[in-house]
Structures are given as C-alpha cells and as structure tokens.
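Please walk through the fold of this protein, moving from one helix and its surroundings to the cores, the sheets and the helix packing.

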Amino acid sequence: MKQLSPLDAQFFYMEAPHQPMVIAGLWLCDQSTAPNGLVRHKDILRFVSSRLSKTSLFRRKMTHAPFRLDDPYWMEDKSFDLEYHIRHVGLPQPGDWRQLCIFTARAMSRQLDMERAPWELTIIEGLNNVEGVPPGSFALLLRMHHAYLDGKSGVVLTTLLMDDSPDNEYLPATTSPYRERMPSRSQMWARTLPRLVSQPYRSVSAGVTLARKSLQLVGRLREEAGDNKHRVPFTPFNERVSPHRSFGGHIWKLADLKRTRRLVQGATLNDAIVAIIGGGMRRYLAQREALPDEGSLVALCPVSVRAEGNGRDMGNQLSAMLIGMGTDIESPIERLQAVYEQTQSRAALARDVVGELITSASEVLPAPMRMFNSWLYRQARYTSKRPLYNTLLSNVPGPPLGDKKQYFAGAQVLTTFAVGPVCDGMALTHAITGIYDQIELGVLADREILPDMDTYIDCIRQSTEEYLTLCDAAAEAAAAAATIADEQKPAGKAVQSRKRNTGSEPATEETTP
C-alpha cells in the first residue's frame with residue numbers, strides 16, 4: 001500500500017469529463033512475424049498475463065482516505081480482471097491512417113475507470129491501408145492515468161510488453177494470491193490522523209522551500225532575459241478545451257535529425273526537434289492569421305528527476321523547462337541557435353530549482369484544499385490571458401534505438417507514438433519517442449481549437465524539409481570549399497588529399513557542416 005505523492009494526487013484532482021488526465025502509447029505491429037502469421041486475442045491475454053508477476057503496476061487501483069481528508073493510496077485490486085483491461089476492436093475498411101487517428105482521438109477523449117487499475121489496452125485490427133505498414137497489421141493503444149506513472153516509469157511497462165524475439169516462451173499465467181489486505185476503517189484512520197497532525201509542519205516547510213526557490217527562479221530568469229522582457233504570447237492554444245480530441249503523427253529519420261542539429265555547433269537532437277516544431281507552429285499560426293506580433297511561443301518540457309534504477313516506482317518525479325520555440329524568428333538556423341542557447345541555460349535551472357519548486361508547491365496546502373481548489377478551477381474553466389507556456393513538448397523514453405527488432409506477442413513493433421493529455425489553457429501537446437532508426441511525434445489537440453490536424457502535421461513536415469534543404473546546401477557548400485582548397489594545393493599534396501577524401505573510410509558523422 002503506497003500513498004500518492006501530492007503531485008500524483010494533483011493529476012487525479014485535475015480529472016474532469018472535458019479533460020481526462022490520460023497518457024498513452026500507440027504501437028503499430030506486423031503480425032505476419034508471429035507464429036502462423038496470426039496473433040489471436042487469447043495469445044495477447046496469455047502474453048500480458050505471463051508478465052503480470054514481474055510488476056505490481058498492472059494490478060493496482062486507487063483507495064481513498066477516510067472522508068478524503070488525505071491523498072489517496074495505491075493498493076492491489078482484489079477483483080482484478082485482465083479481460084476487462086484488454087479490449088479488441090476493428091477499424092472500418094479500408095483501415096487507413098486517418099481512421100486510426102480518429103479512433104485514437106476518440107479513445108483519448110474518454111476517462112478511465114478509477115475504480116479499477118487505471119490502464120486500458122486496446123487492440124485495433126484492420127490496418128490494411130497505412131503507408132509503410134503491411135496489410136493485416138494491427139495497432140495497440142495503451143492508455144494510463146497520469147497519476148499512475150510518468151513517462152520514464154512507463155518505460156517499465158513498455159519493456160515488459162516487448163520481446164526481442166517473435167518466439168515467445170510464455171511464463172505461467174499469473175495466479176499469485178492477493179498479497180495486500182484491505183485495511184480496516186480504524187487502520188485507515190491510524191494512517192490518516194498522524195498525517196493531519198503533521199500537516200502544518202509540512203505546509204510551513206514546503207512554504208519556505210517554495211518561497212526560496214521562487215526567488216531563485218525569478219532571479220535566474222531576469223538574468224537570462226536582460227533587456228528582452230517579452231511576455232509569453234496568448235494563442236488559440238491557450239483557450240478552454242472541449243471534450244473532443246484530434247490526433248496526428250509524424251515520423252523523422254534519426255539520420256535527418258542528426259544532420260539538422262549539426263547546422264548549429266553543439267545543438268542536440270532535442271534542440272533540432274523543438275526548432276522544427278517551432279517552425280511548424282509558426283507556419284500554422286501564420287496561415288490562421290494568429291501568429292503573435294512579438295515574442296516567441298513557449299513550450300513546457302517535462303524533465304524526469306527520477307534516480308537511476310528507480311523506474312519501477314509508481315508515480316511522477318518531474319521537473320520542467322520552459323523553452324522558447326523561436327516562432328518569432330523567420331530564419332531556421334537562427335531559430336535553432338536560439339533554442340540551443342535556451343536549453344543550455346534552462347537545463348540546470350530545471351535540475352536545481354524547478355523540480356523542488358514543483359514538489360513544494362504541491363505540498364503547501366492539505367489534500368482537501370488542493371482537491372477543492374481543483375474543483376473550483378474545473379468549474380470556473382479559467383484560462384489566463386498571460387499564460388506561462390503555450391504547448392507541451394514531452395520527450396518520452398522508449399526502447400533503445402538500434403537495429404534490434406522488438407515484438408509484442410510475436411508481432412514485430414514497427415512504430416511507436418506517445419500521446420500526452422490536453423487541458424484547459426493547453427489545447428495542444430506534442431510527445432516524442434523513438435524506435436529503431438526513427439523518432440516519432442504524437443500530437444494531441446482539442447478538436448474545436450485545432451480541427452485541421454492534417455494541415456498542422458503538414459506544417460511540421462514543411463518545417464522539416466526546410467531544415468533538410470539547408471543541410472543539403474551546407475553539405476554542397478562544404479564540398480565546394482573542399483574542392484577549391486584541394487585545387488589550390490601543390491599537385492602532389494592534392495593527389496594525396498583526393499585519395500584521402502575518396503578512401504573507404506566514411507567521414508565522421510559528427511562533422512559540423
């Protein structure tokens with residue numbers, strides 16, 4: 001029996017019919033690799049059941065303190081029913097990408113049953129007309145409540161559900177006895193009363209930390225801002241959200257992102273992704289005549305502060321960075337340079353200041369007050385005209401990149417998309433993950449605010465192509481400069497240089513254009 005942290009509980013308190021606090025993973029799987037070329041529903045039940053004994057995450061549900069005077073607890077579900085959590089559906093034909101996106105969006109519009117273990121796995125059959133996916137494939141949509149776990153601890157679940165071979169030797173189905181007894185009412189009061197008594201001390205301690213870290217944060221941000229004191233602009237993405245969602249995805253080749261980041265010395269893959277998405281948002285807002293006159297859009301980027309080897313713990317251990325996406329910069333290279341400079345300074349800020357700030361802010365008030373404040377917020381549906389950020393951009397760890405194939409119940413996993421939640425004031429989220437030699441972007445949005453998801457994804461594709469065009473131009477310029485320098489050398493040295501340049505050893509990948 002483990003109590004939710006105040007941050008975990010806050011994700012639960014934010015839950016509302018119009019904003020399910022649900023995260024998800026969408027996998028596309030080729031079942032032709034499975035034995036007999038077919039994955040049946042009972043095979044999937046056996047496959048998942050054989051892994052239940054490796055973690056308690058699958059079997060835990062929420063139990064409340066008396067009169068909800070304190071944050072809830074996680075306990076083993078005595079009535080756990082695997083068949084309830086695993087569903088099977090089929091897409092209408094021709095089973096194309098658009099139909100899969102529509103189904104995913106509808107699923108992300110629904111709340112999970114918090115009276116049971118808060119996860120749900122849906123097998124979506126009938127992918128017969130998706131580019132790059134063999135006919136007869138299926139998709140897997142794994143939805144989990146955000147109070148349950150964060151992206152890094154979610155890797156535990158994805159790791160358990162993937163094998164490196166299509167030939168599965170199933171473990172015996174889980175028949176382990178119910179190991180946790182439901183505490184009696186007196187036992188729950190015995191847990192709750194000491195927490196109530198110690199709440200004033202915890203509130204004062206958290207308040208002191210909150211004040212100290214807030215001053216540090218303001219001081220650091222003022223130092224970074226200098227004369228540039230533009231506020232975060234208000235955009236259509238900072239409105240109230242409806243109960244309806246739209247979903248889309250884009251895939252980058254890892255090699256293309258590596259080429260892009262080398263346009264700016266020292267830039268990382270994450271910097272390249274932020275700059276590309278920033279270019280896409282700039283295009284999209286310009287088409288809608290909604291691009292802010294000044295100031296860059298800002299992305300909230302969650303950062304895990306979970307210790308290594310601590311991934312099996314439930315819950316969220318998060319800090320965050322606020323990164324300007326360069327939407328006010330027309331030049332793609334200058335945009336990438338601006339993103340790189342911000343991430344260099346903000347990474348230490350997230351590690352040293354923001355993580356403790358988030359934790360202390362969630363601990364200042366007792367649980368009933370935090371629950372009541374969340375209820376008031378949901379009822380008022382208030383969104384500030386001075387937002388702190390415009391969108392969410394989350395990097396979700398996936399299986400290790402490389403050539404090693406991954407399988408689910410014998411079916412090869414071809415592509416993985418991550419999906420984040422949207423809520424009032426944040427109607428657009430981006431989640432990034434990867435597998436093999438590709439990086440996938442999953443985009444979830446409020447359908448009434450962003451009804452043309454295909455147009456938005458096309459703007460990101462155009463931004464990607466713009467950067468790749470610059471990469472090609474830089475490579476051609478570097479080759480031309482090398483040729484000129486080669487021709488200006490003495491004949492003997494030029495011949496040796498040409499031999500070196502045309503030898504069997506390729507140029508190092510990390511060479512900056």
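In this predicted model, the buried residues of helix α1 pack against β3, β7 (137-145), β10, α9 (332-363) and α10 (367-380). Helix α1 itself spans residues 6-13 and is mostly covered, with seven of its eight residues buried. Those buried residues are Pro6, Leu7, Asp8, Ala9, Phe11, Phe12 and Tyr13.

Some figures for the chain as a whole give the setting. The secondary structure comes to twelve helices and 15 strands. The protein chain has 513 residues, and buried residues make up 50% of them. Contacts between residues at least 6 apart in sequence are largely long-range by this count: 80% of them join residues at least 24 apart.

Helix α1 leads on to the nonpolar interior. The largest nonpolar core has 48 residues, and the members that touch the most others are Trp119, Leu161 and Phe408. At least two residues of this core come from each of α1, β2 (22-30), α2 (41-49), β6 (119-127), β7, α5 (151-160) and β13 (411-419). Helix α1 supplies the largest share, five residues. What does Phe408 touch, leaving out residues up to four places away in sequence? Its contacts are Trp27, Ile44, Phe47, Ile123, Phe138, Leu140, Leu161 and Val413. A second core, separate from this one, holds 43 residues, including Val241, Val274, Leu285 and Leu450.

Next, the smaller of the two sheets described here can be taken by its strand order. Three strands form an open sheet in the order β1-β4-β3, with antiparallel pairing. The strands β1 (2-3) and β3 (60-63) stand at the edges with a single partner strand each, so one side of each has no neighbour in the sheet. Two bridges join β1 to strand β4 (residues 73-76) in the antiparallel sense, and Gln3 has Tyr73 in β4 as its bridge partner.

The loop between β3 and β4 contains His64. Is this residue buried, partly exposed or exposed? With a relative accessibility of 25%, His64 counts as partly exposed, because the partly exposed class lies between the buried limit of under 20% and the exposed limit of over 50%. Apart from neighbours within four places in sequence, His64 is in contact with Phe12, Pro72 and Met188. One of these contacts, Phe12, is also among the buried residues of α1. Another, Met188, is 124 residues from His64 in sequence, while the C-alpha atoms of the two are 9.1 Å apart.

The other sheet is open and has six strands, in the order β8-β15-β14-β11-β9-β10, with mixed pairing. Its edge strands are β8 (245-253) and β10 (318-324), each of which pairs on one side only. From one strand to the next, the twist averages 20°.

Strand β9 shows both senses of pairing. With β10 it pairs in the antiparallel sense over seven bridges. With β11 (residues 391-395), strand β9 (residues 298-304) runs parallel, and two bridges join them. Leu300 stands opposite Leu322 in β10 and opposite Leu392 in β11. Ala299 stands opposite Thr391 in β11. In a regular strand, side chains alternate between the two faces of the sheet.

Two helices that pack on this sheet can now be added. Helix α4 (residues 97-108) touches β8 and β15 (438-446), and its direction makes about 125° with that of β8. Helix α11 (residues 453-487) touches β8, β14 (428-435) and β15, and its direction makes about 20° with that of β8.

Helix α11 also packs against another helix. Two packed helices are described by the angle between their axes and the distance between the axes. For α8 (residues 269-287) and α11, the angle is about 125° and the axes are 8 Å apart. That makes α8 oblique to α11, because the angle falls outside the ranges for roughly parallel (under 35 degrees), roughly antiparallel (over 145) and roughly perpendicular (65 to 115). The crossing of the two helices is right-handed. On the α8 side, the residues that meet α11 are Ala275, Ile276, Ile277, Gly279, Gly280, Met281, Arg283, Tyr284 and Gln287. On the α11 side, they are Thr455, Tyr456, Cys459, Ile460, Gln462, Ser463, Thr464, Glu466 and Tyr467.

Definitions and conventions:
Residues numbered from 1 in each chain as written. Predicted model: local features only at pLDDT ≥ 70, side-chain atom pairs only at ≥ 80, totals over all residues. Heavy atoms only, no water. Pairing = 2+ DSSP bridges. Helix = DSSP H or I, 4+ residues; strand = E, 2+ residues; numbered from the N terminus. Axes fitted to C-alpha atoms, helices over the stretch in contact; angles between N-to-C directions. Contact = heavy atoms within 4.5 Å. Buried < 20%, exposed > 50% of the residue type's maximum accessible area, 1.4 Å probe, protein only. Core = buried A, V, L, I, M, F, W, Y, C linked by side-chain atoms within 4.5 Å. Left-handed = near helix turned anticlockwise from the far one by under 90°.
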